[in-house]
Structure formats: C-alpha cells, structure tokens
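Reader: Please take one part of this model and go through it closely. I would like the core and the strands around it, then whatever lies outside.

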Amino acid sequence: MKKRLLSFILFVVAVMSALNVQAENVIKMTTTKATGEIISLGIKATGAVTISGVKETTFDTTGNTVTYTLTGQDITITGGVTMINCIGNNITSLDVSNNTNLTSLYCDNNQLTALDVRQNTALTT
C-alpha cells in the first residue's frame, strides 16, 4: 500500500511539474479580426512552437513575419518564444506574463489599453 501511495504521489508531482513548465511558455492574445481573416506574426523561438486559433499547422520560428488564417479571435502561442512581432493585428488583449524567456516584444498599432510586462525580466525591446 505504501508503494502505491508513493508511486501515486510521484506521478502527481511529475504531472504538476509538466503543467507548470507548459504554463511558463504561453502567450495569449485576442483580436477583433473575424474568423477567416489574416493575422501577421513574427516569432523567434528556441525549439518547437504551437499556435492555436489559426488554420496553419506549421510555424516559422526564425523571426520572419508570416500570415496566418484565424479560426477564432483568441490566439495562444506555446513554446520557448524569445521574440514576438504582432504589430497591427487589432489586438485588444495581450498576455505575455507567462513567458519569461521573452526578450523582444513588438506590439504597436493595436487596440491595447494595458500591457503587463513585470514578469518579463529578460525583455530588452
């Protein structure tokens, strides 16, 4: 019984750790653009990146600006993003607080009324 309990506790700790790592590499944004419209993003990252809220399934992580087709107004970018360029996409909310790897953020010409970067201590631009 003690072995089962210990195994269960170790499993729970491992799952919680994995969830915490994923939560630390997330950027969320909302746009007023409609489903089917185009959004332009430049993303530089270390490792793989996924983007939910767009039709495409392969993503450029070299920093080049690429257009993506929206499947909804909420976009979530997961991965080791170090730079994001989301200029001019009618973004109304942007949450980068869970990506402490971020060193560069370009988000002008949007509809943001607030932006909290207190957690982004590596941010230089």
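Author: What follows starts with the overall layout, moves to the core, and ends with the loops and the weak spots.

This is a predicted model. Mean pLDDT for the chain is 88, and 82% of the residues reach 70 or more. The chain has one helix and six strands. Their order along the sequence is α-β-β-β-β-β-β. Of the 125 residues, 32% are buried. Contacts between residues at least 6 apart in sequence are often long in range: 52% of them join residues at least 24 apart. The chain exposes about 7,500 Å². Carbon and sulfur atoms supply 57% of that area.

Now the core. In soluble globular proteins, nonpolar side chains tend to be buried together. Here the largest nonpolar core has 23 residues. Within this core, M29, I51 and I77 touch the most other members. Strands β1, β2, β4 and β5 each supply at least two of the core residues. The largest share comes from β2, with six residues. Strand β2 spans residues 38–52.

Take I77 as a way in. Leaving aside residues up to four places away in sequence, I77 touches a long list of partners. Among them are N25, V26, I27 and M29. The list also includes L41, I43, V49, T50 and I51. I84 is another of its contacts.

Strand β1 deserves its own look. This strand covers residues 25–31, and five of its seven residues are buried. That makes β1 mostly covered. Strand β1 pairs with β5, residues 91–99, through six bridges. The two run antiparallel. One bridge partner is easy to find: V26 is matched with N98 in β5. Strand β1 also pairs with β4, residues 74–85, through five bridges. This pairing is antiparallel as well. In β4, D74 stands opposite T30.

Next, the aromatic rings. A pair of aromatic rings is described by the distance of the centres and the angle of the planes. The structure holds one aromatic pair. The pair is F59 with Y68: the ring centres are 5.9 Å apart and the planes meet at 50°, so the pair is tilted. Both residues are buried.

Y68 also helps to place T57. The two residues are eleven apart along the chain, and their C-alpha atoms are separated by 9.7 Å. T57 sits in the loop between β2 and β3, the latter being residues 62–69. In contrast to the buried Y68, T57 is exposed, with a relative accessible area of 69%.

Two asparagines stand out in the backbone. Most residues other than glycine have a negative phi, and most peptide bonds are trans. N90 has a positive phi, near 55°. N90 is in the loop between β4 and β5. With a relative accessible area of 30%, N90 is partly exposed. N109 also has a positive phi, near 60°. N109 lies in the segment after β6, which is residues 104–106. N109 is exposed, at a relative accessible area of 60%.

One stretch calls for caution. Over residues 17–22, pLDDT stays under 50. The model has zero contacts for this stretch beyond four places in sequence. Where pLDDT is low, the predicted coordinates should not be read in detail.

Definitions and conventions:
Residues are numbered from 1 along each chain as its sequence is written. This is a predicted model: local features need pLDDT of at least 70, side-chain atom pairs count only at pLDDT 80 or more; totals for chains, interfaces and linings use all residues. Side-chain values use heavy atoms; hydrogens and water are left out. Helices (H or I, at least four residues) and strands (E, at least two) are DSSP runs, numbered from the N terminus. Buried means under 20% relative accessible area, exposed over 50%, partly exposed in between (1.4 Å probe, protein chains only). Contact means heavy atoms within 4.5 Å. Accessible areas come from the Shrake-Rupley method with a 1.4 Å probe; for residues, only the protein chains shown count as cover. Rings of Phe, Tyr and Trp (its six-membered ring) pair if their centres lie within 6.5 Å; planes under 30 degrees apart count as stacked, over 60 as edge-to-face and the rest as tilted. Two strands pair if DSSP finds at least two bridges between them. A nonpolar core is a set of buried Ala, Val, Leu, Ile, Met, Phe, Trp, Tyr and Cys residues joined through side-chain atoms within 4.5 Å. pLDDT is the predictor's confidence in each residue, from 0 to 100.
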